Every structure is written in structure tokens, then in C-alpha cells.
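I opened my notebook for this model and jotted down what I looked up, entry by entry. Please read along with the structure beside you.

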Amino acid sequence: MKINKKTMEGKRWDILGIGSPLLDMVINIEEDMLRQLNIKKGSMNLVSEKESKNILSKLSHIKGELAAGGSVSNTLSGASALGNRAAFLGVVGKDEHGKIYHKKTEEDGVFSHLEYHNSNATGCAIICVTPDGERTMITYLGASLNFAKDHIKEDEIRNSKILHIEAYQLEDPNIRQALLYAIKIAKDSNVMISLDLSDAGLIQRNKKLFKSIVAEHIDVIFANEKEAMEFSDKKDPRKALCEISKICSIAVVKLGEKGSLIKKGKKVFEIKPHKVEMINTNGAGDMYAAGILHGLINELDLQDAGAIASHVSALVVASVGARLDKKHINLISKYKKMEKQQDYKIKDISLADYGRKEIIIAEKEMPGLMALRKKFGKKKPLKGARILGSLHMTIQTAVLIETLVELGADVRWVSCNIFSTQDHAAAAIAKAGVPVFAWKGETLEEYWWCTEQAFKFDGGKGPNLIVDDGSDATLMLHLGVEVEKDPKILKKNYSGKGEDEKELMKILARIYQENPNFWSKIIKDIKGVSEETTTGVHRLYQMFDQKRLLFPAINVNDSVTKSKFDNLYGCRESLADGIKRGTDVMVAGKVVVVCGYGDVGKGCAQSMSGFGARVIVTEIDPICALQAAMEGFEVKTIEESLDEADIYVTTTGNRDIITVEHMEKMKDESIVCNIGHFDNEIQVEKLEKFKGIKEINIKPQVDKFVFPDGHSIVLLSRGRLVNLGNATGHPSFVMSASFTNQVLAQMELWQKKYAIGVYTLPKKLDEEVARLHLEKLGVSLTKLSKKQADYIDVPIEGPYKPERYRY
């Protein structure tokens with residue numbers, strides 16, 4: 001495999017390792033004790049669980065050190081210490097040792113993808129170190145032998161720069177099958193594969209098999225002197241190096257205190273040893289591999305990579321266990337991976353691992369996006385596309401972002417709401433290398449600044465495509481272009497406008513002063529936008545009718561698998577979540593007013609009714625009003641409901657639905673919230689400025705407003721999206737349908753040329769999105785016969801409904 005920068009770009013992990021998780025028990029021992037145990041000094045011994053416990057009981061009088069061990073795990077620990085992002089796959093027992101192993105792995109900065117086995121105990125390695133530094137291994141493999149194909153995390157492999165494995169695991173047929181599956185995924189995804197040959201005896205038993213695997217799959221081989229000579233059938237390490245290099249890209253032979261040799265192509269690199277006072281040799285070879293892999297990730301010359309590997313492995317020799325002592329960590333800081341200048345602004349990057357764990361859970365609940373990765377990951381249909389995303393920065397959105405990246409896009413992201421960001425999700429995406437500008441509780445000035453940053457791609461370029469939610473990024477771009485054509489727009493009086501618009505115009509004025517051609521340059525490269533929500537779609541159609549729309553738009557919101565699922569079923573679950581997290585109120589027995597009975601309103605009415613509330617619906621549309629009435633809901637005006645309602649929910653996408661005059665007349669401690677996109681559905685600004693009003697902050701995104709007469713209302717999320725401001729938004733599964741549509745829309749816009757207008761995705765794609773989610777729910781579809789298909793005049797494979805059909 002050719003090693004180049006493009007292979008390394010856009011990956012989540014620098015190194016992903018698959019290995020045997022063994023809890024190391026390092027014990028300093030006299031040679032006489034080894035003889036009593038009938039164990040040969042310097043040997044590697046596989047024992048049963050019973051034998052392992054028996055040996056430990058005989059050594060119980062000697063104090064030892066516990067550490068997460070195993071060859072691959074040691075290498076990942078070293079790579080992490082050098083500043084690389086590392087993740088580990090393996091199986092431990094569902095026992096105390098398994099918990100210790102997980103904890104120590106993550107303490108070393110390695111992301112743990114460990115699986116837990118119910119029957120077998122966590123594997124352990126008793127490492128007996130004699131006074132001369134020689135190590136003798138007594139190993140019980142335990143649960144590590146249960147690693148199987150089901151434990152392979154395909155997406156994590158595809159999102160890694162290097163897959164590192166150990167030959168120990170290739171001997172077991174079942175584990176070998178799983179590893180070969182992982183190797184295939186890696187090869188298909190241009191992931192470099194490295195292999196540690198592990199043990200000369202192991203090679204002797206499996207030489208023919210190992211040679212065929214190396215020749216067909218492996219890019220980098222690590223071997224010590226004995227292993228290299230056994231593998232190559234050569235009695236000289238230099239000749240062994242040359243022989244091994246014939247079947248891989250890079251061959252590495254470690255010579256202990258004599259240094260090491262590296263061969264790539266025709267060039268041989270001789271690496272000098274780094275002299276230290278030896279305590280033990282345990283883990284030195286694993287740390288050496290970490291140094292070389294660090295060099296490959298950072299595109300260092302192999303001579304320099306070898307020098308780093310020599311130094312860091314020597315420091316392990318001078319440490320007590322198989323990993324660097326804390327006192328040695330600072331000595332390798334000069335080698336650490338140098339991150340490029342920070343290109344993100346978030347709350348706290350230390351939340352990244354927490355975010356990553358939730359992303360992994362969400363991926364299991366988002367089958368549509370994962371299917372797109374599997375189907376299009378190799379083809380990279382978005383290669384070359386620069387995508388700006390302005391959409392709630394949640395865990396679910398993180399899965400969308402990484403799907404766009406997996407399909408080849410260069411992505412920059414902001415949230416579309418000042419309260420909706422999940423800070424751990426933003427941190428995980430930033431740590432993965434995607435520029436993101438979002439944190440929960442932004443000011444409006446910060447919000448528009450963040451959106452500005454998302455337009456600034458490397459090389460002074462702007463985006464080609466926009467993923468929008470509410471059309472804020474689209475609006476900013478269009479207003480920016482209009483300002484550059486007519487700067488007098490900036491002189492207008494905006495005092496009567498909303499705070500959002502005022503802050504936007506301030507930002508545009510500053511940008512115009514700094515660069516009067518900023519937006520005109522960006523607009524030239526824009527191929528289109530895909531819009532997520534009802535409010536944003538309304539804005540797009542309005543701009544098109546006014547002949548202001550400057551590029552094509554795809555209306556994702558009106559895809560059936562978005563509006564009839566996200567809007568309805570998503571709101572049905574997330575509205576109650578937001579209200580309850582915000583107030584802890586019991587909904588049962590309350591009177592809830594739902595303003596609007598579109599898809600969002602329908603979901604909200606069902607939600608509140610399901611909790612036992614009496615629901616009143618307000619509507620302007622006679623059709624929607626009739627639907628609400630026939631579902632058994634009362635339909636009234638807000639004014640008619642003020643003396644009885646306890647909770648008010650706006651869902652309309654329109655302004656001034658709940659006025660300050662309404663709030664004046666509400667019952668004491670009525671709860672007021674919005675689940676439509678913008679906060680102007682509720683007259684928050686007028687409420688804040690109401691004469692004599694007293695504002696009390698209860699907790700983040702929960703505020704009480706006390707009127708002069710003493711009655712109060714509780715406002716959630718300052719009138720912005722309650723399900724995202726006070727909770728975590730829609731569940732992953734329903735967002736998978738919405739976001740699968742978004743990815744398909746981005747592919748449409750990138751691969752095809754559309755005229756300026758607002759489009760919807762074809763019915764066939766809508767049905768395909770639904771189909772991708774059925775298996776997760778255990779759904780089996782009935783199939784049409786040819787006669788049936790002909791009778792209703794549809795193709796057997798669909799689409800089954802005409803474009804005019806209303807679900």
C-alpha cells in the first residue's frame with residue numbers, strides 16, 4: 001500500500017488496535033522462584049485459569065503492579081502518549097479485572113471498545129522479572145479468546161488511519177476469521193495495516209499461514225531478531241529483513257541493545273540504540289512499534305521515526321512495567337504529534353470521550369446513515385465537496401457529520417440554535433478533526449460569529465453546499481451578497497426588528513468593512529442547499545417567489561420520511577422530555593394548549609394526551625382544525641383557553657402566537673414553551689420589557705416572569721426549541737430518517753446540476769429511506785405479485801404511491 005497524506009485525511013482515529021486484553025501483573029522475582037514453579041526463564045507460557053490462580057497463590061507474598069497489558073494495548077498506550085488518537089477492540093470478562101482493565105485503558109488515553117464476556121474471566125499475564133531484567137511470561141488468555149466477527153466495529157475501522165494487530169490472535173481459527181474480516185474492511189477503506197509477529201515459537205507453528213496473510217494483506221511488519229529469522233528462514237537479521245521486505249511495504253527488525261533495522265523499498269535505515277539503565281525489557285518492542293507508527297501517521301522520515309521509536313522504547317526498559325513511567329512522559333513531549341492550529345470553538349474539548357461513547361450508541365439506532373456509509377463509503381460520492389452545516393449540534397448530528405465525512409466531504413459545522421448544542425457532541429466532533437463552532441448558551445452575537453466561521457474553509461474558500469435548519473446560513477449568505485451590491489442596506493433603521501436580525505446586520509456590517517467582496521466570492525462556488533425544517537422551507541419558497549434565491553434548494557422537510565416521522569413521532573417523544581426535564585411537572589390531569597395542528601402539532605397533542613392531559617388545539621386552517629376535532633381534541637382560540645390552561649406549546653412557525661397580553665391573563669405559574677424553530681412565536685422581547693416585570697432564573701433555560709399583579713409564568717428555553725434547550729432533542733432512530741434524506745439531498749446537489757428553484761426528493765428515494773429502517777424494527781414487507789402490480793399500475797419494486805399522494 002502506498003503511504004500518502006490523502007490516505008490519512010478525515011479519519012477519526014490515528015490507530016485502531018485489535019488485540020488480546022490481558023491484565024498485566026508485573027512481579028519482581030528471583031530465578032530460584034522460577035525454578036520452583038518449574039518455569040523456564042525467558043519463556044512465554046500459556047496456562048489455564050486454574051493454573052494461573054495456582055501460580056498467583058504461590059506468588060501472593062510478592063507485591064506486584066497491575067496494568068492494562070497485551071502487545072497491541074501496550075502499543076496503543078505508547079501511541080496515545082505521543083499525542084495520537086487511539087482506540088482498542090478486544091474482549092474481557094464481566095468481572096472486576098475487566099473493569100480495572102477498561103479503567104486503566106482509558107486512563108492511558110486510549111478509547112476502549114471492549115466487549116464483556118459472561119462466562120470466561122479476563123485474561124491476565126503474570127510477568128516475572130528477574131534481577132537481570134529478563135521477563136518470563138505466564139499467560140492466561142481467558143475471555144480474549146472469545147473475540148469474534150460480531151465484535152468488529154466496521155465504521156471505526158474505516159475511520160482509522162492504521163489498523164494494528166498481533167500475530168498471537170491469528171493462530172486461533174475463530175479469531176483469525178474475525179481479524180481477516182477486519183483486514184478486508186481496512187484494505188477496502190485504504191487503511192494501513194501493521195502486524196507484530198509476536199513470538200518465534202508461534203511463527204514456527206504457523207509459518208506458511210502467516211506468510212500468506214502478510215503477503216496478501218499487511219503493509220508494516222514488526223519482528224524481533226528471533227521472530228524475523230524464524231519467519232524468513234534466514235540466520236542473519238539483515239538478510240531476514242530483506243526477505244520480509246519482499247512481501248510488505250515496510251519491514252522492521254528490532255535488535256534489542258544493538259538497535260534496529262527498517263527497510264522500505266530498496267532503502268535500509270539503521271537505527272542506533274538509546275542507552276539507559278535497564279529495569280526490565282517488558283513492553284519495549286510494543287513501545288518501539290508505537291514510535292514507528294507515530295512517525296508514519298505524521299509523515300516523518302523513517303530514520304527520524306526510528307530514532308523516536310528507539311528512544312521511547314528505551315524509556316520503557318527504564319520503567320517498572322510494560323509502559324512508560326509517569327516520570328518519563330515529559331521526556332517524550334518533544335515528539336508529540338503537533339496539532340494544526342485550533343480550528344474550532346466549543347465549550348470543553350475534554351468532553352470528547354464522553355461524546356464519542358454516546359455517538360457509538362447513536363450509530364446503532366441510526367440504520368439509514370450507517371447503510372449509506374456501507375453503500376457509498378468506498379465510492380466517496382461527496383469527494384471534493386465543501387459542506388457547511390448549520391443544524392443543531394447534537395449526538396445525532398454528529399453521526400450525520402461523520403457520514404458526510406465518510407462519503408468524502410470536507411465539513412465545517414455550527415448549531416442553528418443558541419441553546420441546542422450538546423457540548424460533549426461538539427467536543428467529539430472537534431477532536432475528530434471537523435471544525436465546529438458551537439456551545440450551549442451562545443449569545444446572539446456569538447451565534448452569528450460562529451456561522452461566519454463556518455463559511456471560512458481552508459485556502460480562503462467558501463462552501464459548495466449547505467445543510468441548513470431554519471435557513472440561517474442561507475439567509476446570512478444572501479443578505480451578505482445584497483449588502484455588497486447595495487451597502488445602503490446597512491444604513492437602514494433596524495431598531496424595530498428582532499434581536500436576531502439586529503445582531504446579524506452588525507456582523508454583516510463588520511464583514512463588509514473588512515472585506516467588501518467576501519460574500520460575492522463565496523456565492524460563486526455554491527451548488528445548493530438542503531433545508532431541514534418547515535420554517536426554513538417557508539423562507540426558501542418566499543425567497544424564490546421574490547426572485548431573491550441565488551442557488552437551488554432541496555426541501556428535505558417535506559420528504560414523507562422526514563415530516564411524517566421527525567415532525568410527528570420525534571416531537572411526540574421529545575416535547576414531554578423537554579417539559580419534564582425543565583419543570584418536573586406532572587402532565588396528567590393538566591390542560592395543555594397546543595398552538596397549531598400540523599405534523600409537529602399532531603405529535604405534541606398525541607404526546608400530551610398520552611400523558612393524561614386534556615388537550616386544546618388552536619388552528620387557523622379549517623382542515624387541520626377538523627382533523628383535531630375528529631381526533632377528540634377541543635379546538636378553541638388561545639383567548640378562550642386562558643382561564644383554564646396550565647401548559648402552552650407553540651408549534652406553528654409563525655410569529656406572535658402567544659402575546660404578552662396573553663401571558664398577562666394566564667393562570668399563575670402557567671408553563672409556556674415553543675417547539676417551532678424560532679423564538680418569535682412567543683413575544684419574549686416584549687415580555688422582558690414589560691413594565692414592572694420581575695425575572696427570576698430558576699436554572700439554565702428555565703425562567704420565571706412575575707407580573708406586577710403577583711401572578712407568574714414559567715418560560716422554557718427563552719421561547720426557543722424546548723425539546724433541545726431543556727432536553728436532548730428527538731431520539732436517534734427518527735433522526736436517522738431525516739438525516740438520511742439530508743445526505744441523499746447533498747449527493748443530488750453535488751452530482752447533478754439543478755436550476756435555481758426549490759425541489760423535493762423523488763418518491764422512490766423516500767421509500768428507500770423508509771426501507772432502510774424496517775429491519776431495525778423487525779418489519780417484514782408483503783411483496784406484490786406481478787398481477788397485483790399490474791392491476792394497480794405500479795412497479796413491483798415501487799414507488800407505490802404517485803407524487804400527488806398525501807400520507
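**Strands β13 and β14.** I began with β13 and strand β14 (residues 267-271), which pair in the antiparallel sense over five bridges. A reminder to myself: this is a predicted model. I looked for the partner of Ile 262 and found that its bridge leads to Phe 269 in β14. The hairpin of β13 and β14 has two residues between the strands, and Gly 265 there takes a positive phi near 65°.

**The other neighbour of β13.** Next I turned to strand β12 (residues 250-254), which five bridges join to β13, the two running antiparallel. Ile 250 stands opposite Lys 264 in β13. β12 and β13 also form a hairpin, here with five residues between them. In that turn I noted Gly 256, whose phi is positive at about 65°.

How many of the five residues of β13 are buried? I found four, so I wrote down that the strand (residues 260-264) is mostly covered, buried meaning under 20% relative accessible area.

**Helix α9.** I then listed the buried residues of helix α9 (residues 225-232): Glu 227, Ala 228, Phe 231 and Ser 232. Where do they sit around the axis? They cover an arc of only 115°, which puts them on the same side of α9. I checked what covers them, and the cover includes β10 (192-196), α8 (200-217), β11 (220-224), α10 (237-245) and β12. I was pleased to meet β12 again, as it is the strand that five bridges join to β13.

**Helix α18.** Another helix I looked up is α18 (residues 444-454), which is mostly covered, with eight of its eleven residues buried. My list reads Leu 444, Tyr 447, Trp 448, Cys 450, Thr 451, Glu 452, Gln 453 and Ala 454. What covers these buried residues includes β15 (386-390), β16 (410-414), β17 (436-437), α19 (472-485) and α20.

**Salt bridges.** A search of the whole structure gave me 57 salt bridges. I picked three pairs to look at.

My first pick was Glu 31 with Lys 41, whose side chains meet in a salt bridge at 3.1 Å, N to O. This pair links distant parts of the chain, ten residues apart: Glu 31 is in helix α2 (residues 31-36), and Lys 41 is in the loop between α2 and β3 (44-46). Glu 31 is partly exposed, with a relative accessible area of 31%. Lys 41 counts as partly exposed too, at 32% relative accessibility.

My second pick was Arg 720 with Asp 500, a salt bridge whose closest N and O atoms are 3.0 Å apart. Arg 720 lies in the loop between β28 (712-716) and α29 (722-725) and Asp 500 in helix α20 (residues 499-514), so the pair ties together parts that are 220 residues apart in sequence. Are these two residues buried or exposed? Both Arg 720 and Asp 500 are buried.

For my third pick I stayed in α20, where Arg 510 forms a salt bridge with Glu 514, the closest N and O atoms being 3.3 Å apart. The two are four residues apart in helix α20, so about one helical turn separates them. Arg 510 is partly exposed, with a relative accessible area of 26%, whereas Glu 514 is exposed, at 56%. I also noted a network of salt bridges that share partners, made up of Arg 12, Asp 155, Glu 156, Arg 356, Glu 363, Arg 373 and Glu 402.

**Two leucines.** I looked up Leu 540, found in helix α22 (residues 534-545). Leu 540 is buried, with a relative accessible area of 0%. Leaving out residues up to four places away in sequence, I found that Leu 540 touches Ser 471, Thr 474, Val 529, Glu 531, Leu 549, Ala 553 and Val 758. From Leu 540 to Thr 474 the C-alpha to C-alpha distance is 8.7 Å, while in sequence they are 66 residues apart.

My last entry is Leu 777, in the loop between α31 (763-772) and α32 (786-792). Leu 777 counts as exposed, at 56% relative accessibility. Together with Val 779 and Leu 781, Leu 777 forms a nonpolar patch on the surface, and I noted about 280 Å² of accessible area for the three together.

Notes: Residues are numbered from 1 along each chain as its sequence is written. This is a predicted model: local features need pLDDT of at least 70, side-chain atom pairs count only at pLDDT 80 or more; totals for chains, interfaces and linings use all residues. Side-chain values use heavy atoms; hydrogens and water are left out. Patches are made of residues with over 30% relative accessible area and no salt bridge: like charges are joined within 9 Å, nonpolar side chains (Val, Leu, Ile, Met, Phe, Trp, Tyr) within 5 Å. Accessible areas come from the Shrake-Rupley method with a 1.4 Å probe; for residues, only the protein chains shown count as cover. A salt bridge is a side-chain nitrogen of Lys or Arg within 4 Å of a carboxyl oxygen of Asp or Glu. Buried means under 20% relative accessible area, exposed over 50%, partly exposed in between (1.4 Å probe, protein chains only). Contact means heavy atoms within 4.5 Å. Two strands pair if DSSP finds at least two bridges between them. The arc is that of the directions from the helix axis to the C-beta atoms.
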